[in-house]
Amino acid sequence: MSASLGATAGIAPLTWPQRLANFRIIPRIETYPAVVTFAQTLVGKLALLALFSVGLRLATEDWLPLSVSLLAITFFPLRRRLLVTAATLVFTFVLPWSKYAHPVYTSALVVFIISIGAVLFWLSIELPKSVIGRHPVFVLLAGYSFLIVFAAYFPNTTPVYLTVWDFTATFGVYLWFIAYSLLDASAPNRDSFALQLGTYRPFWGLTVVPVPKGANYWRRIEAKNADQLAVAQLKGLKLLAWSLLISVFLKYFTALVHGHLAIPPLALALSRSVHHDAYPWYVCWASLFAEFFEEILSISVWGHRFIACCRMAGFHALRNTYRPLSSRTIAEFWNRYYFYFKELMVDVFFYPVFLNFFKTRKKLRLALATFAAAGFGNAFYHFMHDPKYIAELGLWRAIASYHVYLFYCAVLATAITISQMRRRHPAPAGFLRARVVPAFCVITFYCVLRIFDYTDRAYPIQEHFRFLAHLFNLSF
Amino acid sequence: MDSRAEIRKCLQQLLLQKGDRQPFSDSDSLLLSGRLASVDAIEIVVFLEEKFGVDFAEVGFDQALIDSVEAIDSLARAVRK
């Protein structure tokens, strides 16, 4: 009795912030040994898959083919990567067949682009000393830039004009997946192209940003045994539950903000400002913050769902969005908000610059690499992402009208550079100073920067500045 | 201080700056597990360049090379040879 009392007295009582931090809406079932053991049994696997399918049913119309794919992968873990490739091919060619206006034509384009990816992959392995062997991603991105220029100046009176643009747009969709393949080509234990193919828009989510990264990363996060698979799948189930909870919250949040409170969407607030009929400044602030939170919730919903499926397939992938509102610095927020986009920028733009230039000048090196990723890479990605503007406006007008987003990238890169260069200290004591104040500053910065986060070329930059000034009750 | 202890100290400091006080073993994944981010990877790269003369432009960079105390230590040893 006294011993137990003594032991209890030795344990420091948890403070309320600690208790709050330890609280989980969804319990950490992957840490319960009995649950992990059960998830490895036949009944456990079926129960897990059934629960996951129910969750998918509520989230997406592709729930059935997704569930069937995950079922096959769960029961044949030794063939996981090949099955992912097979499922990805089914999701690329078979399932959307009836949705395509010209299925044979569209499929032929995709096959052609994948073949180009295969040839580049093969060339970079076979010719390691050549330019493509040493700088495969640079060759790919330079080649795609030339393709854009070629398409922009291709005469629009010729019958193949539309085909050229269809090819360019479809290539753009696969560009970053091929880039990750090429990054893997120099690895000694690289995957064959058949396995690389599974990473080209994997079946769990048809994004343009590779989620989660490429084959090199997949090899490292793949479950190596039944225990790891069970843990990955339990975490996947939890993440899907999170995605569903957030989607319900988003629905009610949107209804409350735009319905009950009548706060206008940011696009409307900006449009009214452009037409000199602006909402009151405080309504614009409310609109800005509401849009910011809606975007975080929205990206969490689809990001969590994709990663949940990925985990269910046996990969311990990190979340795409992880507690962005707890970020204490601008750089940390960029890391937490859209993790796989940031990773793409870092892998393709940041590291090559950081590891090769200005090695003796630490600050310049960091600044240059950050501008290469958050500035140039970010602008390049979004410019190439929307080739329709180039087709409609022509190359130079498309670049000129892109100035709002270029400004956004420049400010973001500058802020991230400063954020990284500031000496990092351990978090100060006190919940308010350690958490609330830094988080509020970071959120406000990104909210204000959101005014310039536009790639649709609708208004010139002075209109965005007018809206910014209006937030402070100034007008010009 | 031996190289492994120096590496451990460097990683400990990075984790501490993030408010992460959890213990870690020499083989524990820190980058791929998400405990450290790419911002921290840069610090590790600079540490390896300055302390052990590692040139990633020659070695070829891969996050797995600097993912744990063990991985970093074996990289540093390989470069010394």
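pLDDT is the predictor's confidence in each residue, from 0 to 100. The structure is a predicted model, in which local features need pLDDT of at least 70, side-chain atom pairs count only at pLDDT 80 or more, and totals for chains, interfaces and linings use all residues. Residues are numbered from 1 along each chain as its sequence is written, while chains are lettered from A and ligands numbered from 1 in the order in which they are written.

**Exercise 1. Confidence**

Task: State the average pLDDT of chain A, and find where pLDDT stays under 50.

Solution. Step 1: the average for chain A is 92, and 95% of the residues score at least 70. Step 2: pLDDT stays under 50 over residues 1-10 of chain A. Step 3: for residues 1-10 of chain A the model has zero contacts beyond four places in sequence; two residues are in contact if their C-beta atoms, placed from the backbone, lie within 7 Å.

**Exercise 2. Two helices of chain A**

Task: Describe how helix H5 and helix H6 of chain A are arranged.

Solution. Step 1: helices (H or I, at least four residues) are DSSP runs, numbered from the N terminus. H5(A) covers residues 63-75 and H6(A) covers residues 80-94. Step 2: their axes come within 9 Å and cross at roughly 165°. Axes are lines fitted to C-alpha atoms, for helices over the stretch in contact, and angles run from 0 to 180 degrees between N-to-C directions. Step 3: the crossing angle therefore makes H5(A) roughly antiparallel to H6(A); the cut-offs are under 35 degrees for roughly parallel, over 145 for roughly antiparallel, 65 to 115 for roughly perpendicular, and oblique for the rest. Step 4: Pro65(A), Ser69(A), Ala72(A) and Ile73(A) of H5(A) meet residues of H6(A), among them Leu83(A), Val84(A) and Phe91(A). Step 5: by class, this contact of H5(A) with H6(A) has eight nonpolar, one polar and one charged residues. Ala, Val, Leu, Ile, Met, Phe, Trp, Tyr, Cys and Pro count as nonpolar, Asp, Glu, Lys and Arg as charged, and the others, Gly among them, as polar.

**Exercise 3. A second helix pair**

Task: Work out the arrangement of H16(A) and H21(A).

Solution. Step 1: the axes of H16(A) and H21(A) (residues 403-421) come within 7 Å and cross at roughly 115°. Step 2: the two helices are therefore roughly perpendicular to each other. Step 3: Ile330(A), Ala331(A) and Trp334(A) of H16(A) make the contact with Ala415(A), Ile416(A), Ser419(A) and Gln420(A) of H21(A). Step 4: five of the residues in this contact are nonpolar, two are polar and none is charged.

**Exercise 4. Domains and chains**

Task: Describe the contact between the domains of chain A and the contact of chain A with chain B.

Solution. Step 1: chain A is divided into domain 1 (30-215 + 223-227) and domain 2 (231-471), with bounds from an automatic or database domain assignment. Step 2: the C-alpha centres of the two domains lie 25 Å apart. Step 3: domain 1 of chain A brings 39 residues to the contact and domain 2 of chain A brings 35 residues. Step 4: H10(A) gives the most to the side of domain 1 of chain A that touches domain 2 of chain A, with eight residues. Step 5: between chains, 18 residues of chain A are in contact with 16 residues of chain B. H17(A) gives the most to the side of chain A that touches chain B, with five residues.
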